[in-house]
Amino acid sequence: MQTPVQEKPTAPATSGAAGAGHGGETKYDFMVVSNRLPVDRCAPGDSGDDGSGWRRSPGGLVTALAPMMTKTDGAWVGWHGAPDETVKPFSHGGMDLVPVQLSTDDVELYYEGFSNATLWPLYHDVIAPPEFHRTWWDAYRKVNRRFADAVVRHADEGATVWVQDYQLQLVPRMLREARPDLRIGFFNHIPFPPPEIFAQLPWRQAIIDGLLGADLVGFQRTSDAGNFMRSARRFLGASVKQQQVHVKGPDGKITHIARAQAFPISIDVRHISELAATPEIVERARQIRQDLGNPKTILLGVDRLDYTKGIRHRLKAFEELLADGKLSVGDATLIQVASPSRERVEQYRLLREEVEGTVGHINGTYDTIENTAVRYLHHSYPVEEMVALYLAADVMLVTALRDGMNLVAKEYVTARTNNDGALVLSEFAGAADQLKQALLMNPHDIDGLKGAIMRAVEMQPREAGRRMRAMRKQILEHDVDHWSADFLHALNEKVVRDDS
């Protein structure tokens with residue numbers, strides 16, 4: 001028998017309304033909550049400066065949510081990026097922003113510590129060993145409470161709240177306890193580990209309980225949702241049926257149902273497509289090839305400098321192809337964009353030293369006077385330059401050892417409006433579930449990775465076109481608007497209890 005659960009009014013999925021609330025706080029019926037606000041500070045004259053002192057941030061989360069937020073009258077809650085500084089709520093680019101203040105200690109313990117030295121490696125299959133410190137956990141709880149309090153102050157009665165990512169996994173439960181009238185969604189942008197790995201976390205029950213405060217918990221892949229439900233059953237003894245977790249209160253009665261589903265994230269397809277057709281960007285792509293000596297093949301890697309991205313594996317495969325004589329400098333060049341990332345964390349400092357040492361070794365061994373084997377760029381670039389790089393590259397290399405999605409793969413495919421080029425894609429990236437016509441490979445298998453690279457380099461135009469058209473069709477039909485609409489529609493659906 002199926003019976004309705006929590007029949008309550010829900011906030012619109014695609015519109016919000018702001019109004020004055022008690023105590024002078026502005027109230028919103030739609031709110032997004034993430035670790036960072038979607039803006040960065042900028043100096044006058046910097047790229048993206050509109051005179052406000054702020055510019056829209058780069059990155060996958062902002063790319064995914066900003067288009068949707070500018071179409072609503074909701075608010076975005078997050079840290080503004082500067083520790084020990086108080087900033088009042090403000091508006092930028094059509095979005096109302098509610099800053100949460102963090103101290104220097106908060107940044108060190110909650111963000112660099114628990115979020116990025118405990119949860120990040122644990123959730124990425126312990127590629128690097130996670131660290132477990134009680135002081136980090138205490139800071140994580142304290143900061144999550146601060147974010148939840150900001151939402152409680154600004155959320156209108158019956159508002160829809162969408163919490164983002166692993167830094168804020170305790171917020172859903174805190175919101176449900178303080179404001180049971182809210183409709184609460186959570187989306188995890190990174191993988192969720194299997195219970196056998198998640199079991200290492202000393203605070204595993206609290207994390208699962210925090211997430212189960214949500215009405216809907218979204219993941220990139222079906223396997224991630226399955227891992228979460230298995231952990232809920234194993235560590236909390238939760239009743240799990242189909243995609244529903246029956247959450248009980250202290251009295252043993254079901255308080256609500258938390259659903260766990262996959263909602264693969266995507267990109268702003270129209271924006272990337274428009275840039276790829278811009279004459280200035282097309283000309284910039286031609287100039288990039290010319291500056292590299294017009295090699296026959298340009299291979300491209302674009303990543304944050306992170307140990308999960310498989311940059312070392314990619315460099316090793318490329319170096320061996322040069323050593324084997326299958327590729328030669330002059331005919332082939334690898335461009336590796338490695339954006340700075342978490343440079344105060346020791347693992348990342350060591351990774352940078354290793355990657356830069358490997359690049360120097362390859363170039364020292366194989367460079368000629370005229371040509372460079374690897375063009376290494378330790379910078380962040382605006383989206384216009386990235387699209388020019390996508391257009392210039394014949395082969396895109398995405399060799400992640402573990403990745404929630406990898407939006408770079410989708411951006412490359414979207415930019416290839418002529419249906420040419422080739423994508424070499426790790427099967428451990430979430431994008432592999434959608435982009436099945438890519439050359440899928442296991443980056444741990446260096447020989448297999450080398451074989452996939454050579455298949456991409458030597459692929460005939462007809463096969464390349466067939467593969468690229470199929471991938472482009474998939475992305476065009478499932479863009480970022482489709483992702484956010486799907487999640488919010490599911491969040492606002494009336495839940496029926498499955499007692500079968």
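## Helix packing and enclosed space

His271, Ile272, Leu275 and Ala276 in helix 8 meet Val383, Glu384, Val387 and Leu391 in helix 12. By class, this contact of helix 8 with helix 12 is made up of six nonpolar residues, one polar residue and one charged residue. The structure is a predicted model, and what follows describes the packing of its helices and the space left between its atoms.

The axes of helix 8, residues 269-276, and helix 12, residues 383-392, come within 9 Å and cross at roughly 70°. Because angles of 65 to 115 degrees count as roughly perpendicular, helix 8 is roughly perpendicular to helix 12. The crossing of helix 8 and helix 12 is right-handed.

Two further helix pairs can be set beside this one.

| Helix pair | Axis distance | Angle | Handedness |
|---|---|---|---|
| Helix 8 and helix 12 | within 9 Å | roughly 70° | right-handed |
| Helix 13 and helix 15 | within 9 Å | roughly 115° | left-handed |
| Helix 2 and helix 3 | 8 Å | about 110° | left-handed |

Helix 2, residues 104-123, packs against helix 3, residues 134-154, at an angle of about 110° and with the axes 8 Å apart; the two helices are therefore roughly perpendicular to each other. Helix 2 brings Asp106, Leu109, Tyr110, Gly113, Phe114, Ser115, Ala117, Thr118 and Leu119 to the contact, and helix 3 answers with Thr135, Trp136, Trp137, Ala139, Tyr140, Lys142, Val143, Asn144, Arg146 and Phe147. Sorted by class, the residues where helix 2 meets helix 3 are 11 nonpolar, five polar and three charged.

In the third pair, the axes of helix 13, residues 407-415, and helix 15 come within 9 Å and cross at roughly 115°, which means that helix 13 is roughly perpendicular to helix 15. Lys410, Tyr412, Val413, Thr414 and Ala415 of helix 13 make this contact with Met468, Met471, Arg472 and Ile475 of helix 15. Six of the residues in the contact of helix 13 with helix 15 are nonpolar, one is polar and two are charged.

Helix 15 also borders enclosed space. A search of the whole structure finds one cavity of 30 Å³ or more, and the largest cavity holds about 40 Å³ of space. The lining of the largest cavity is formed by Gly421, Ala422, Leu423, Gln437, Ala438, Leu439, Met459, Ala464, Arg467, Met468 and Met471. Strand 19, residues 422-426, and helix 15, residues 461-477, each supply at least two residues of that lining, and the largest share, four residues, comes from helix 15. Met468 and Met471 thus appear in the lining of the largest cavity and also in the contact of helix 15 with helix 13. By class, the lining of the largest cavity has eight nonpolar residues, two polar residues and one charged residue.

The second largest pocket has a volume of about 370 Å³. It is lined by 21 residues, of which Lys296, Thr297, Ala456, Val457 and Glu458 are the closest to its centre. Helix 14, residues 446-458, and helix 15 are the elements that give two or more residues to the lining of this pocket, and helix 14 gives the most, with four residues. The lining of the second largest pocket divides by class into 10 nonpolar, five polar and six charged residues. Helix 15 is therefore an element that contributes to the lining of the largest cavity and to that of the second largest pocket, while its contact with helix 13 includes Arg472 and Ile475.

Methods
Residues are numbered from 1 along each chain as its sequence is written. This is a predicted model: local features need pLDDT of at least 70, side-chain atom pairs count only at pLDDT 80 or more; totals for chains, interfaces and linings use all residues. Side-chain values use heavy atoms; hydrogens and water are left out. On a 1 Å grid over the protein atoms alone, a cavity is a set of points where a 1.4 Å probe fits but cannot get out, and a pocket is an open set with protein on both sides within 12 Å along at least five of seven lines; lining residues have an atom within 4 Å of a point. Grid points are joined across faces, edges and corners, and a volume is the space filled by probe spheres set on the points. Ala, Val, Leu, Ile, Met, Phe, Trp, Tyr, Cys and Pro count as nonpolar, Asp, Glu, Lys and Arg as charged, and the others, Gly among them, as polar. Axes are lines fitted to C-alpha atoms, for helices over the stretch in contact, and angles run from 0 to 180 degrees between N-to-C directions. Angles under 35 degrees count as roughly parallel, over 145 as roughly antiparallel, 65 to 115 as roughly perpendicular and the rest as oblique. A crossing is left-handed if the near helix is turned anticlockwise from the far one by less than a right angle, and right-handed if clockwise. Contact means heavy atoms within 4.5 Å.
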